[in-house]
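Here is a walk through one protein chain, from its hollow spaces to its buried residues. Keep the sequence and the 3D view side by side as you read.

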Amino acid sequence: MVNAPLEGKQSTSVIFVLLISAAAALGGFLFGFDTAVINGAVVALGEHFKVGPVLVGMSVSLALMGSAVGALSSGFISDRYGRVKPMLLAAVMFTASGIGSGFPFTVWDFIFWRFVGGMGIGLASAITPAYIAEISPANLRGRFGSLQQLAIVTGIFIAMLSNYMLVKIAGGSASMDLWLGAETWRWMFWAEVPPALLYGFAALMIPESPRYLIGTGREREAESVLSRVLGERVLEKIEEIKVTLRVENGSSFADLKGRFGFTPIIWVGLGLSVLQQFVGINVIFYYGSMLWRSVGFSEENSLWITVITGVVNIVTTLVAIAFIDRVGRKPLLLLGSAGMLLTLGLLAFLFANAPLDAAGHPALSGSSATTALVAANLYVFCFGFSWGPVVWVLLGEMFNNRVRASALALGAGAQWVANFLVSASFPSLVEWAGLGKTYSIYAFFAAVSFLFVMFFVRETRGKELEEME
């Protein structure tokens, strides 16, 4: 009976942190939606603007350079203005991008609006994991941090589902038989506007990060937030944060420098960020419908396959949430790398040995087609419980308080540059080398990711942020 009030208070704190973490993670939902919505529109855009594979690749991938710009600027913005105001800015960018991408006059202004949305994605991708890590208790930080990835994959799924439903209703992504005489692909982008507005509203409702408040001398506000987050030992936690923040020294990219360009922990963060993309996961999400159409599936069936892939992604992220604070970060990464190596190797073999159609494209059928579908979804499964959520959790917690914003900005920026390189090169790489060799490259990086984690990544499960070096 003595412990009942304390347990009740702790339960209330957990619910409070869960709610504000979920609100912050809406940025992840828009991150996923904005990056995946292009999947259903990419073929129609190429036909509408009458452009080849190079400009198609640019229309998909230049948004990712906007993401890199947004991520790299997030450190300065979040250190100066906090974690919440950048979320509001990102919501404005998502809204503008959703509207503008549906009203392009040329491929170039379409790319501009996608670039604007990309900057919103970059801001959200760097700010959200830092905010959730700073607001969460250590024993639950992995699960709450994984909400970012759950929101991302949910956004991907909703984008794919809405694309499929719009095509199903209209009869095709280029059809004008939908609403207001606008082509279906335009509605795919306009569907982003309502959740973008919701994200902005949610950002207005959540408290500022207590670590940012302490760093800017607003201890009374920080005490109020921490009392709701921790429920106890608030003053002790404030003193711990003050010691590690070194309030007199602001964070900048200069603080990340070390003997070999950066300090070792920064190199580990960069390695995790780049390898997360070099295993090729976003090829499935950006070009999935194009990929499956190229090997013999109809447009409608290709989009339906991407919907199934989205469901797999959500389910496996829930697996990660269930185990990340029990098993740890490193074991999940190693297991995921091994699974991706096997499934990507199988896909590379199937694509390389498939018979060619009249246009010279591999044409899968029968057991080969079924095996490829299973392998692709197992690959997403392996990524979804490991490198998808765990990298974002690690980036949010592995750096010390003083450099976290700048380090996370650099890591997220590197991730988006790597994403750009993979996404921009895919159409041309397939045309030049074929699907088999292209997927062999991704399998190679899956093997590299296993070795990288084995030798360079340290476990952070259960550690307080103030313990990070």
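The second largest cavity has a volume of about 50 Å³. This is a predicted model, and the cavity is read from it. Its lining is made up of 11 residues. T35, V60, A63, L64 and R114 are the ones nearest its centre. Three helices each give at least two residues to this lining: α2, α4 (53–81) and α6 (107–135). The biggest share comes from α4, with 4 residues. By class, the lining holds 6 nonpolar, 3 polar and 2 charged residues.

How many cavities of 30 Å³ or more are there? The count is 4. The largest cavity has a volume of about 170 Å³. Around the largest cavity stand 20 lining residues. Look for F31, Q149, I152, Q277 and N282, which lie nearest its centre. The elements that supply two or more residues to this lining are α2 (26–36), α7 (141–170), α13 (264–278), α14 (281–294), α18 (387–397) and α19 (404–433). The lining of the largest cavity splits into 10 nonpolar and 10 polar residues, with no charged ones. The lining of the second largest cavity, by contrast, includes 2 charged residues.

Now take α2, a helix that contributes to the lining of the largest cavity and to that of the second largest. Two of its residues deserve a closer look. G27 sits in helix α2. Is G27 buried or exposed? G27 has a relative accessible area of 0%, so it counts as buried. Setting aside neighbours within four places in sequence, G27 is in contact with F94, A124 and Y199. The chain also brings L123 into this part of the picture. G27 and L123 are 96 residues apart along the chain, yet their C-alpha atoms are separated by 8.9 Å.

D34 is also found in helix α2. Its relative accessibility is 0%, and therefore D34 is buried. Which residues does D34 touch, leaving aside those within four places in sequence? The contacts are F94, S97, R114, G117, I121 and E192. F94 appears here, and F94 is also a contact of G27. R114 is another contact of D34, and R114 is among the residues nearest the centre of the second largest cavity. I121 lies 87 residues from D34 in sequence, but 7.9 Å away in space, C-alpha to C-alpha.

Move on to α18, another helix that helps line the largest cavity. Why can α18 be called largely enclosed by the rest of the structure? The reason is that 11 of its 11 residues are buried. The buried residues of α18 include W387, P389, W392 and E397.

W387 leads into the largest nonpolar core. That core has 138 residues. Y131, L272, M340, W387 and Y439 touch the most other members. Beyond its neighbours within four places in sequence, W387 is in contact with L272, L275, Q276, L333, S337, M340, S449 and V453. Two of these contacts, L272 and M340, are themselves on the list of core residues that touch the most other members.

Y131, from that list of core residues, leads to a loop. S209 lies in the loop between α9 (193–205) and α10 (210–215). Is S209 buried or exposed? S209 is buried, because its relative accessible area is 0%. Neighbours within four places aside, S209 is in contact with R83, Y131 and E134.

One more buried residue is T184, in helix α8 (residues 184–190). T184 has a relative accessible area of 0%, so it is buried. T184 and G102 are 82 residues apart in sequence, and 9.7 Å apart in space, C-alpha to C-alpha.

Now step back to the chain. The protein chain has 20 helices and 0 strands. Of its 469 residues, 59% are buried. Take the contacts between residues at least 6 apart in sequence: 82% of them join residues at least 24 apart. The accessible surface of the chain comes to about 18,500 Å². Carbon and sulfur atoms account for 68% of that surface.

Terms used. Residues numbered from 1 in each chain as written. Predicted model: local features only at pLDDT ≥ 70, side-chain atom pairs only at ≥ 80, totals over all residues. Heavy atoms only, no water. 1 Å grid on protein atoms, 1.4 Å probe; cavity = no way out; pocket = protein on both sides within 12 Å on 5 of 7 lines; lining within 4 Å. Points joined across faces, edges and corners; volume = space filled by probe spheres on them. Nonpolar A, V, L, I, M, F, W, Y, C, P; charged D, E, K, R; others polar. Buried < 20%, exposed > 50% of the residue type's maximum accessible area, 1.4 Å probe, protein only. Contact = heavy atoms within 4.5 Å. Areas by Shrake-Rupley, 256 points an atom, 1.4 Å probe, with all protein chains shown as cover. Core = buried A, V, L, I, M, F, W, Y, C linked by side-chain atoms within 4.5 Å.
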